[in-house]
Amino acid sequence: MGSPKFMREALKEALRGARKSHGGPFGAVIVRKGKIIARAHNTVLSAKDPTAHAEINAIRIAAKKLRGFDLSGCEIYSSCEPCPMCLCAIYWARIKKVFFGCTKEDAAKIGFDDLAFRQIMGGARKKKPAATEQMLREECIAVFKEWEKNPRRKLY
């Protein structure tokens, strides 16, 4: 069960970012062992970075603070249901629990509609916003093979 206290902290971040026009009205906090270890809001506009969503920013702060990429002992509180990019980052970070306030439908009503991305990822939409084309596979495989031989390699 989530804590309203932590969700309110995510909301404070969302409001802070929205009032400063840093990006959309989205905030997130990452909690570990009952304590906030990272807080962030959307900074897409101020950072001129399309990946600077609240959840991504919070993950980056938490990983730096914990000195590692594995955040499996953490929970994330987000003022809105994470978009596909953020949800994938949450999965990569191994965060086990996501609490969110507004839904993706609520976000769509104010102009933040990621439905097309969700449909593409779910296979319901075939037309993608960016064309993809494979090339130089064998040369790329060579880099993979070299990495496989590296005794210091670490999977994540």
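Start by selecting Lys-104 and Glu-105, whose side chains meet in a salt bridge with an N to O distance of 3.9 Å. Keep in mind as you go that this is a predicted model. The cut-off for a salt bridge is a nitrogen within 4 Å of a carboxyl oxygen, so the pair at 3.9 Å qualifies. Colour the two by accessibility: Lys-104 is partly exposed at 29%, and Glu-105 is partly exposed as well, with a relative accessible area of 44%.

**More charged pairs**

Side chains of opposite charge can pair when their charged atoms come close. In this structure there are seven salt bridges, and a few deserve a stop.

Go to helix α1, residues 4–19, and show Glu-13 with Arg-16. Their side chains form a salt bridge at 2.1 Å, N to O. The two residues are three apart in the helix, about one turn. Is Glu-13 buried or exposed? With 5% relative accessibility, Glu-13 counts as buried, because the limit for that class is under 20%. Arg-16, its partner, is partly exposed at 36%.

Now select Arg-137 and Glu-138, another salt bridge, at 3.5 Å from N to O. Here Glu-138 is exposed, with 57% relative accessible area, while Arg-137 is partly exposed at 46%. For a network, bring up Glu-9, Lys-12 and Arg-39, which are joined by salt bridges that share partners.

**Two lysines with positive phi**

Most residues other than glycine have a negative phi. Two lysines are worth a look with that in mind. Lys-33 has a phi near 50° and sits in the loop between β1 (27–32) and β2 (35–41). Then move to Lys-48, where phi is about 55°, again positive in a residue that is not a glycine. Its place is the loop between α2 (44–47) and α3 (54–66). How exposed is Lys-48? Its relative accessible area is 72%, which puts Lys-48 in the exposed class; Lys-33 is exposed too, at 72%.

**Into the nonpolar cores**

Hide the loops and turn to the interior. In soluble globular proteins, nonpolar side chains tend to be buried together. The largest nonpolar core here has 22 residues, and those touching the most other members are Ile-30, Ile-59, Ala-62, Leu-71, Cys-74, Ile-76 and Ile-95. Which elements give two or more residues to this core? They are β1, β2, α3, β3 (74–80) and α4 (84–92). Helix α3 supplies the largest share, five residues.

Centre the view on Ile-76 and display what surrounds it. Setting aside neighbours within four places in sequence, Ile-76 is in contact with Ala-28, Val-29, Ile-30, Glu-55, Ile-90, Ile-95, Lys-97, Val-98 and Phe-99. Phe-99 also leads to the next selection: a second, separate core of seven residues, which includes Phe-6, Ala-10, Val-31 and Phe-99.

**Last stop: Pro-151**

Finish in the segment after α7 (137–149), where you will find Pro-151. Pro-151 is exposed, with a relative accessible area of 78%. To place it against a residue you have already displayed, draw a C-alpha to C-alpha distance from Pro-151 to Ile-90: the two are 28 Å apart in space and 61 residues apart in sequence. Ile-90 is one of the contacts of Ile-76, so this last distance also takes you back to the previous view.

Key. Residues are numbered from 1 along each chain as its sequence is written. This is a predicted model: local features need pLDDT of at least 70, side-chain atom pairs count only at pLDDT 80 or more; totals for chains, interfaces and linings use all residues. Side-chain values use heavy atoms; hydrogens and water are left out. Helices (H or I, at least four residues) and strands (E, at least two) are DSSP runs, numbered from the N terminus. Buried means under 20% relative accessible area, exposed over 50%, partly exposed in between (1.4 Å probe, protein chains only). A nonpolar core is a set of buried Ala, Val, Leu, Ile, Met, Phe, Trp, Tyr and Cys residues joined through side-chain atoms within 4.5 Å. Contact means heavy atoms within 4.5 Å.
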